[in-house]
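Student: Hi, I've just opened a new model and could use some company. Can we walk through it together?

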Amino acid sequence: MIAVNGTEPQNPLIPSNTNENGGGRIVDRLFAGLRYIDAKGNLHDEVAQTIDTTDEQHYRITLKPGWTFSDGTPVTAHSFVDAWNYGALVTNAQLQSYTYQPIVGYDDVQSDPPRAQTMSGLKVIDDLHFTVDLVAPTIDFRARLAYAPYYPLPTAAFKDMKAFGQHPIGNGPYRFADGNAWQHDVQLTVVPNEHYQGGRPAKNKGLTFVFYSNMDAAYSDLLADNLDVLDVVPDSAIGVFQKDLGDRAVEAPIAYSQWLSFQPNLPRFGSDEEGRLRRQAVSMAVDREQIGQKIFHGTRVPARDYTSRALPGFDPKLPGSEVLDYNPAQAVKLWDQANRIAPWSGQLQLAYNADGGHQAWIDAVANSIRNTLHIDAEGAPYPTFKVLRDQVVHRTIGKAFRSGWQGDYPTMLQFLEPNFLSDSSTNDSLYRNPQFDRLIAAAEAAPTEQDSWKLVGQAQTALLHDLPIIPLFDTTAAAGYSKRVRNVAIAWNGMADFENIELR
């Protein structure tokens, strides 16, 4: 068994309700979708035999015969269609429901109360065939089909979804280990799924995801060979991990962005002009370059947009991106403009989860803000990612807070749509801009990727003007592995390439 780092999932392990790293890394091991993304970010068909379309709007999907879930029940067209309909239905309150928005009938299942129980754009033809009709051409829909909300579910899931989430039955390369596989707040163990037929079979005898509340402890376990793979070296070890680990140190650019987020109910940082000016001032008060070098030893570089350098179409010179430059004089000027609207008093707190190794850089960001704007700015630790996220989701955080986005499929749209579309359930900043929504819709309907990228750039210019969230850093992953294992690589999205890890 190979021990890898993880965190306690925020929710039961239902694909359509999992939108954070701790749960996502496990769900992706347990389930197989129509397609999968390899470590380099390339897409491959998995359960799908063919995905046919002539217009990027109407699809006919054929499944490979013989697939089963780990309980031996067949994977059919209904397994996909029923799962997607469950995820989209508003009364099921799934965090990833927004991902089905392109499908015809989504609005009907999302209305309150719902006008329908299923999306009319999904039609089962027989066990191996179904069709999908979209509202409009959607240029990245094929990529979405590799994403967790589009995984299938077995019939057993719908009998008791709550119980299923505690012991899911999937069709992926791994299944839950027998017995007490999920020891909450401690660890979760998966073993190879004997029924798996896809292109990413497990090359090991299983994985134990060890849930750490402190990444320094994880790093100590790695050095002692008590942890086999750590895909997030803590800030405290960034300067020494290469020396400590030698050829077992791994660095790789990944599609992961680090942000400082605000919700409009945070006093003085709302969606009005005062709030916008203060966010702009805070952004220009942060010396990203110095923090990236001093704290992260070059494994973080200043963000230039809301996506990632690692993605196709990235443009580092978008109009409006100067708001991401370190400019103390302009920061003070903007802050003073906000003070003329309403004088500042109190403290700016930056919330972060203490189990993620964020203290050093949060303190550095707070120091940069404090020294530039001459206000009281401090880090505010929360014990776990789950505790932090629960307050963010319920809009009770009452502070600025660290957030980030780790790519789920390799397109810039995947960074922008979940976080900033007006009707996205994962829009934690509650951002609302009809112009942005229209530009993203146009980008999805664009005839070519190049045309789509231009429209994405225009949408990001609107974001940079409004600045609902402050982009801070793009990421180069710093990771390492023990003397017990080999063939360890970091995938495009920053997580270990779990299936290919091998014991020495």
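**A sheet, two hollows and some odd angles**

Student: Which residue is the bridge partner of His-58 in E7?
Tutor: Asp-133 is the bridge partner of His-58 in E7. Before we go on, residues are numbered from 1 along each chain as its sequence is written, and side-chain values use heavy atoms, with hydrogens and water left out. This is a predicted model, where local features need pLDDT of at least 70 and side-chain atom pairs count only at pLDDT 80 or more, while totals for chains, interfaces and linings use all residues.

Student: OK, and what do the E and H labels stand for?
Tutor: They're DSSP runs numbered from the N terminus: helices (H or I) have at least four residues and strands (E) at least two. Two strands pair if DSSP finds at least two bridges between them.

Student: So how many bridges join E5 and E7?
Tutor: Five, in the antiparallel sense, with E7 covering residues 129–133. On another side of the story, E5 (residues 58–63) also pairs with E4 (residues 48–52), antiparallel again, over four bridges. Ile-51 has Ile-61 in E5 as its bridge partner, and Ala-48 stands opposite Leu-63.

Student: What links E4 to E5?
Tutor: A hairpin, with five residues between the two strands. Glu-56 in that turn has a positive phi of about 60 degrees.

Student: Where do these strands sit in the whole sheet?
Tutor: The sheet is open and has four strands in the order E4-E5-E7-E6, with antiparallel pairing. E4 and E6 (122–126) are at the edges with a single partner strand each, so one side of each has no neighbour in the sheet. On average, neighbouring strands are turned by 20 degrees against each other, direction ignored. (Axes are lines fitted to C-alpha atoms, for helices over the stretch in contact, and angles run from 0 to 180 degrees between N-to-C directions.)

Student: Which helix packs on it?
Tutor: H2, residues 77–88, which touches E5, E6 and E7. The direction of H2 makes about 165 degrees with that of E6. A contact here means heavy atoms within 4.5 Å. As for E6 itself, four antiparallel bridges join E6 to E7, and Lys-123 has Thr-131 as its bridge partner in E7.

Student: New topic. Is Thr-138 buried or exposed?
Tutor: Thr-138 counts as buried, because its relative accessibility is 5% and buried means under 20% relative accessible area (over 50% is exposed, in between is partly exposed; 1.4 Å probe, protein chains only). You'll find Thr-138 in the loop between E7 and H4 (141–144). Leaving out residues up to four places away in sequence, Thr-138 touches Glu-56, Tyr-59, Pro-102, Arg-144 and Glu-444.

Student: What about hollows? How many cavities of 30 Å³ or more turn up?
Tutor: One, in a search of the whole structure. On a 1 Å grid over the protein atoms alone, a cavity is a set of points where a 1.4 Å probe fits but cannot get out, while a pocket is an open set with protein on both sides within 12 Å along at least five of seven lines; lining residues have an atom within 4 Å of a point.

Student: What volume does the largest cavity have?
Tutor: About 60 Å³, where a volume is the space filled by probe spheres set on the grid points, joined across faces, edges and corners. Its lining includes Tyr-98, Thr-99, Arg-144 and Glu-417. H13 (residues 412–420) gives the largest share of that lining, three residues.

Student: And the second largest pocket? Which residues lie nearest its centre?
Tutor: Gln-101, Pro-102, Val-135, Ala-441 and Glu-444, out of 21 lining residues. The volume of this second largest pocket is about 420 Å³. H14 gives the most to its lining, with four residues.

Student: Last one: where's the cis peptide bond near Pro-113?
Tutor: The cis bond runs from Asp-112 to Pro-113, with omega near 0 degrees. Pro-113 lies in the loop between H3 and E6. Most residues other than glycine have a negative phi, and most peptide bonds are trans. Asp-225 isn't a glycine, yet has a positive phi of about 60 degrees. His-297 is another non-glycine with a positive phi, near 50 degrees.
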